[in-house]
Amino acid sequence: MMTPVRTWNRKDLIGIEELSRPEIELILDTAPQFVAVSARESGIKKVPLLQGRLVVNWFYEPSTRTRTSFELAAKRLSADTLSIAASASSSVKGESLHDTLANIEAMHSDIIVLRHYYAGAPHMLAKRHASHIINAGDGRHEHPTQALLDAYTMLDHVRTLRGDRHATLDGLRVALIGDVAHSRVARSNIWCLTKLGARVVLCGPRTLMPPEIGRMGVDVSYNLHEAIHDADVIYALRIQLERQQSCLFPSLREYIKLFRIDRESLKVAPPHALIMHPGPINRDVELAAEVADSSRSVVLQQVTNGVAVRMAVMHLLANQPGRRTAPAATEERAP
Ligand code: CP
């Protein structure tokens, strides 16, 4: 049995792949105090844990949930916040990521929340800059805080259902349905859920399933009924139409017929199965509107929990005594 870690020792949060189970559990165990902050009856939804710190939201791709969630989380921790939209920054004039960040750091940033279309961009910056870097989604690689808020939502549900506040995700059956190939959410969730002891089955068209994905310790099915008949959680992934250079399935109609989560397909699923989706939803494509809006859907609960989980992540990163170092300040910088 692994010893629970009670201290955080990482400068950055780049991916779930490199985290241990105790590290993931530390984040999940830190979140409830921040759920309580957001739900305060007094209406004062703030704590001073990041007072005087600067959190910079730096997004190269569109985002509704992640960007607003990080901004709100930072504000609820009493941090100062700045937002940089790539289209309005000097990157359009050719400035490199390193130079942009060096200039932001010259204004004494503490935490950088980066979403970038290049897999590996947050990792590259984290190696060379002193700010705490949080990956808010990099290409098809990872979206770690999405997986953490998803795990928190599942854990909260399981604990409530079983009346056991120490219940874990061990043995939970989670079906991830849809566009696995393009999904950083799927990759982070696979790492997170398997590390937490859940059993994960992936299901979707063969053309949207990466070869060798089974090596990540998951089952793979190409039949929706087979994937969801014993699922505790059915997690629909967004069909990423914007990332598909070629038609990877014959038509949306075909996809809907075979893989949509709707009232009809849910007839084979256990009645207790939770419905989840990371958003934004293509309504009536991967998830029927009637199911997305039903009482078994926790889609908006995921969003609510996202703020608390991101508060937990920023608190752990920024408030660890003596951990912040300036790595390789003299190292040669890539263009
Ligand atoms: N789930 C998610 O990443 O949503 P956004 O793209 O709106 O941030």
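Guide: A polar contact is a pair of N or O atoms within 3.5 Å, where one must be able to donate a hydrogen and the other to accept it. Keep that in mind as we look at this predicted model.

Visitor: Happy to! Which parts of the chain make up domain 1 and domain 2?

Guide: Domain 1 takes in 21-141 + 304-319, while domain 2 covers 144-299. Their C-alpha centres are 26 Å apart.

Visitor: How many residue pairs are in polar contact across the interface of domain 1 and domain 2?

Guide: The rule finds six such pairs, with both residues at pLDDT 80 or more. Across this interface there are also two salt bridges. Glu-61 makes a salt bridge with Arg-184, and the closest N and O atoms are 2.9 Å apart.

Visitor: Which element gives the largest share of the side of domain 1 that touches domain 2?

Guide: That is H1, with eight residues. Elements giving two or more residues to this side include helix H1 (21-38), helix H2 (65-76) and strand E4 (132-138).

Visitor: And how do the residues of that side divide into nonpolar, polar and charged?

Guide: Ten are nonpolar, seven polar and eight charged. In contact terms, 25 residues of domain 1 meet 24 residues of domain 2.

Visitor: What is the area buried between domain 1 and domain 2?

Guide: About 2,100 Å², with carbon and sulfur atoms giving 58% of that area. On the domain 1 side, Arg-21, Leu-28 and Arg-140 lose the most area to domain 2, and together they account for 31% of what that side buries.

Note on methods:
Residues are numbered from 1 along each chain as its sequence is written. This is a predicted model: local features need pLDDT of at least 70, side-chain atom pairs count only at pLDDT 80 or more; totals for chains, interfaces and linings use all residues. Side-chain values use heavy atoms; hydrogens and water are left out. Domain bounds come from an automatic or database domain assignment. Contact means heavy atoms within 4.5 Å. Buried area is the accessible area (1.4 Å probe) that two parts lose on being put together, summed over both. A salt bridge is a side-chain nitrogen of Lys or Arg within 4 Å of a carboxyl oxygen of Asp or Glu. A polar contact is a pair of N or O atoms within 3.5 Å; within protein, one must be able to donate a hydrogen and the other to accept it, and residues adjacent in sequence count only if both atoms are side-chain atoms. Helices (H or I, at least four residues) and strands (E, at least two) are DSSP runs, numbered from the N terminus. Ala, Val, Leu, Ile, Met, Phe, Trp, Tyr, Cys and Pro count as nonpolar, Asp, Glu, Lys and Arg as charged, and the others, Gly among them, as polar.
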